[in-house]
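The following paragraphs lead through the structure shown below, beginning with one helix and moving on to its surroundings.

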Amino acid sequence: MATDAPPPQKGSPDSAPALPSTEEFVEVQQSAEFGELRQAHRSFAFPITIAFIAWYLVYVLLSNYAGDFMGTKLFGNINVALVLGLAQFLTTFLIAWWYARYSAAKLDPKAEAIKTRMEGGA
């Protein structure tokens, strides 16, 4: 749907804020505030990633080398392999949910403060 309105003029309130220079980006990247943001992300992401990969590898190794254990019936036609396989999906969703909460509480406010400062709002 086309409109007859002209594009916004430079300097008008509807125009986008000026982009920071390369030097400003480098300055922010080297700031303590950005370092705290990066540390907060890494302190969550790295341990969870390592734990999930280890959990996945245990599942794969059990599937390959512990066939009798994985084939153990728990109830009906449900065996250990099926339960652990479904638990892989469950842990994936739980980690995503947990990260979303962590990010909203710890990362987003810090990132928003940096963004606002970079855009000249603070």
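In this predicted model, helix H2 is kinked by about 25 degrees, and the kink is centred on arginine 42. The helix runs over residues 32-65, 34 residues in total. From its first C-alpha to its last, H2 reaches 48 Å, which is close to the 50 Å expected at 1.5 Å a residue.

Confidence in the prediction should be considered before the details. The mean pLDDT of the protein is 88, and 85% of its residues reach 70 or more. Among the elements, H2 has the highest mean pLDDT, at 96, whereas helix H1 (residues 22-29) has the lowest, at 88. Where pLDDT is low, predicted coordinates should not be read in detail.

Which residues of H2 are buried? They are Leu37, Ala40, Phe44, Ala45, Ile48 and Tyr59. These buried residues pack against two further helices, H3 (67-70) and H4 (80-118). An α-helix has 3.6 residues a turn, so residues three or four places apart point the same way.

One of the buried residues of H2, phenylalanine 44, also takes part in aromatic pairing. A search of the whole structure finds 3 aromatic pairs. In one of them, phenylalanine 44 meets tryptophan 98 edge-to-face, with 5.1 Å from centre to centre and 80 degrees between the planes. This pair links distant parts of the chain, since phenylalanine 44 belongs to helix H2 and tryptophan 98 to helix H4, 54 residues apart. The two partners can be described by their accessibility. Phenylalanine 44 counts as buried because its relative accessible area is 7%, under the 20% cut-off. Tryptophan 98 is partly exposed, at 45% relative accessibility.

Phenylalanine 44 pairs with tyrosine 102 as well: the ring centres lie 4.6 Å apart and the planes are at 20 degrees, so this pair is stacked. Because phenylalanine 44 lies in helix H2 and tyrosine 102 in helix H4, the stacked pair ties together parts that are 58 residues apart in sequence. Both phenylalanine 44 and tyrosine 102 are buried. Ring pairs join Phe44, Trp98, Tyr99 and Tyr102 into a cluster.

Helix H4 also contains glutamine 88. Is the side of the chain at glutamine 88 buried or exposed? Glutamine 88 is buried, because its relative accessible area is 8%, again under the 20% cut-off. With neighbours within four places in sequence left aside, glutamine 88 is in contact with Phe52, Trp55, Tyr56 and Tyr59. Of these contacts, Tyr59 is itself one of the buried residues of H2.

Definitions and conventions. Residues numbered from 1 in each chain as written. Predicted model: local features only at pLDDT ≥ 70, side-chain atom pairs only at ≥ 80, totals over all residues. Heavy atoms only, no water. Helix = DSSP H or I, 4+ residues; strand = E, 2+ residues; numbered from the N terminus. Expected span 1.5 Å × (residues − 1). Bend = angle between axes of the 7 residues up to and from the residue. Buried < 20%, exposed > 50% of the residue type's maximum accessible area, 1.4 Å probe, protein only. Contact = heavy atoms within 4.5 Å. Phe/Tyr/Trp six-rings, centres within 6.5 Å; stacked < 30°, edge-to-face > 60°. pLDDT = per-residue confidence, 0-100.
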